Amino acid sequence: MPKAAVLREFGKPLVIEDFPEVHPGPGEVLVKIVAAGVCGSDLHITSGEDPRTPIPMVPGHEGVGIVKELAGPCFDVDGQEINEGDLILWNRGVTCGKCYYCTIAKDPSLCSDRWTYGISRSSEKPRQIRGCYAEELLLTADTQIIKLKEDDNPAVMVAASCSGGTAAHTIELAKIKPGDVVLIQGVGPVGLFLAAFAKAKGASEIIAIKRSPEKEPLAQEFGVTHLLSLAETSREERVKLISDLTSGRGVDVAMEAVGHNSVLDEGLPLVRPGGAYISVGFGVPAPAWPLDTFGLIVRKNVRFQGVWVSDVSHIRQAVLLVRNNPEAFAKMVTHRFPLSEANKALQAVADRSGIKVIIEP
Ligand SMILES: [Zn+2]
Ligand SMILES: [Zn+2]
């Protein structure tokens, strides 16, 4: 019987439980999870802050697995046939393919019926694993799958399935041009993916602001040219550096991957007239934020853009980005835990002691 870590009560430790064996029906894929990512948003889920979460449930929306069983022909988004033993990842969000947003607006991240493994499905009625903190997961027939290569590192690709995809969506909406000066607020997994994508887009300077004073050698490997810590620089010093780098104009594009109003306070005024501010860090509702609409947006022709999750095209872009520099991305994985220590894995994310935390069932 496959085991999974179950959230029975918000704010309480996960409990390891046995689940009944399942077998795939037509189009479904049974995977053996080899790596599950612990996301910052899993803390909101386990604490009860995410309004989408029903309990009891198995957390974990980021997963890479090996195909254990199939019930018939099955293909990935590139049209490659999927066979038993293949290493795959999948779009954590399942969308209807029929609504206005899936068809006319062509933005499935806004699908009105979108549901997410490890976030929005309970593990009861029927009693079944629907998240990646588990030994096995049955993927529904409408789950979009990306076949990985044998030499892809599962623990590294896990980050592509969520942070990487969301960063790719952010970059698509940011419309960075070669030569742009880019500001990234936050250098967690999303921030590092943003830096790597911005570099690939030809950004000339990539300034990143992080909270803690520790050096972050990885930031440079991902393309960050100026790393500033909130603990070691004053706001005036950060403003001056950006002013010096941009002849006093401000950055062409600023992207926040933190999700706190204080970050908006600092970042939005640093955007040059005609530039863009992209907010991707907010995963759960936050207090309303007072905005100087005239001074910061209207008078400056500034575009303020929100980003919600990602679709499978973005996840595919992230997979390809990781393959361009697998050694650097491998260093992003700082913690690995067995399934039995899922609570320790969550704690490692809460402590911010590493960058990417992985559970290896
Ligand atoms: Zn995630
Ligand atoms: Zn839809």
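Q: What counts as a donor of a metal here?
A: A donor is an N, O or S atom within 2.8 Å of the metal. The model is predicted.

Q: What makes Cys39, His61, Glu62 and Cys162 donors of the zinc ion (ligand 1)?
A: The atoms are SG of Cys39, NE2 of His61, OE of Glu62 and SG of Cys162. They lie 2.1 to 2.3 Å from the zinc ion. The cut-off is 2.8 Å, so these atoms count as donors. Along the chain their spacing is C-x21-H-E-x99-C.

Q: Why is the arrangement around the zinc ion (ligand 1) called tetrahedral?
A: The 4 donor atoms subtend angles of 94 to 131°. Four donors count as tetrahedral if all angles lie between 85 and 135 degrees. The angles fit that window, so the arrangement is tetrahedral.

Q: How do you know that cysteine 39 and glutamate 62 tie together parts that are apart in sequence?
A: Cysteine 39 lies in the loop between strand 3 (29-38) and helix 1 (40-47), and glutamate 62 lies in strand 4 (residues 62-70). The parts tied together by this pair are therefore 23 residues apart in sequence. Both cysteine 39 and glutamate 62 are buried.

Q: Which residues are the protein donors of the zinc ion (ligand 2)?
A: They are Cys96, Cys99, Cys102 and Cys111, each through SG. Their distances from the zinc ion are 2.3 to 2.4 Å. The spacing along the chain reads C-x2-C-x2-C-x8-C. Cysteine 102 and cysteine 111 are both buried.

Q: What makes the arrangement of the 4 donor atoms around the zinc ion (ligand 2) tetrahedral?
A: Here the angles are 104 to 117°. The allowed range is 85 to 135 degrees, so this site also counts as tetrahedral.

Q: How do you know that the span of helix 4 agrees with its 12 residues?
A: Helix 4 covers residues 189-200. At 1.5 Å a residue, helix 4 should span 16 Å. The end C-alpha atoms are 17 Å apart, which agrees.

Q: Why is helix 4 called mostly covered?
A: In helix 4, 9 of the 12 residues are buried. Buried means under 20% relative accessible area. Among the buried residues are Leu192, Phe193, Leu194 and Phe197. Just after helix 4, glycine 202 takes a positive phi of about 95°.

Q: Where does helix 4 lie?
A: Helix 4 lies across strand 10, strand 11 and strand 13 (251-256). The angle to strand 10 is about 170°.

Q: How do you know that strand 10 and strand 11 pair?
A: Strand 10 (residues 181-185) and strand 11 (residues 205-210) are joined by 5 bridges. Pairing needs at least two, so they pair. The two strands run parallel. One of the partnerships is that of isoleucine 184 in strand 10 with alanine 208 in strand 11.

Q: What is the order of the 6 strands in the open sheet?
A: The order is 12-11-10-13-14-15, with parallel pairing. Strand 12 (226-229) and strand 15 (303-306) are the edge strands, since each pairs on one side only. From one strand to the next, the twist averages 15°.

Q: What is notable about the peptide bond from isoleucine 55 to proline 56?
A: This bond is cis, with omega near 0°. Proline 56 sits in the loop between helix 1 and strand 4. The bond from lysine 125 to proline 126 is also cis, with omega near -5°. Proline 126 is in the loop between strand 7 (115-116) and strand 8 (136-139). Most peptide bonds are trans.

Q: Why is lysine 175 called exposed?
A: Its relative accessible area is 54%. Exposed means over 50%, so lysine 175 qualifies. Lysine 175 is in the loop between helix 3 (154-174) and strand 10. Its phi is positive, near 55°.

Q: What makes arginine 352 exposed?
A: The relative accessible area of arginine 352 is 56%. The cut-off is 50%, so arginine 352 counts as exposed. Arginine 352 lies in the loop between helix 11 (342-350) and strand 17 (356-359). Phi of arginine 352 is near 55°, a positive value in a residue other than glycine.

Q: Why does serine 243 count as partly exposed?
A: Serine 243 has 29% relative accessibility. Buried is under 20% and exposed is over 50%, so serine 243 falls in between. Serine 243 lies in helix 6 (residues 235-245). Its C-alpha is 9.8 Å from that of arginine 272, and the two are 29 residues apart in sequence.

Note on methods:
Residues numbered from 1 in each chain as written. Chains lettered and ligands numbered in written order. Predicted model: local features only at pLDDT ≥ 70, side-chain atom pairs only at ≥ 80, totals over all residues. Heavy atoms only, no water. Donors = N, O, S within 2.8 Å, 3.2 Å for Na, K, Ca; no water. Tetrahedral: all angles 85-135°; square planar, octahedral: opposite > 155°, others 65-115°. Buried < 20%, exposed > 50% of the residue type's maximum accessible area, 1.4 Å probe, protein only. Helix = DSSP H or I, 4+ residues; strand = E, 2+ residues; numbered from the N terminus. Expected span 1.5 Å × (residues − 1). Axes fitted to C-alpha atoms, helices over the stretch in contact; angles between N-to-C directions. Contact = heavy atoms within 4.5 Å.
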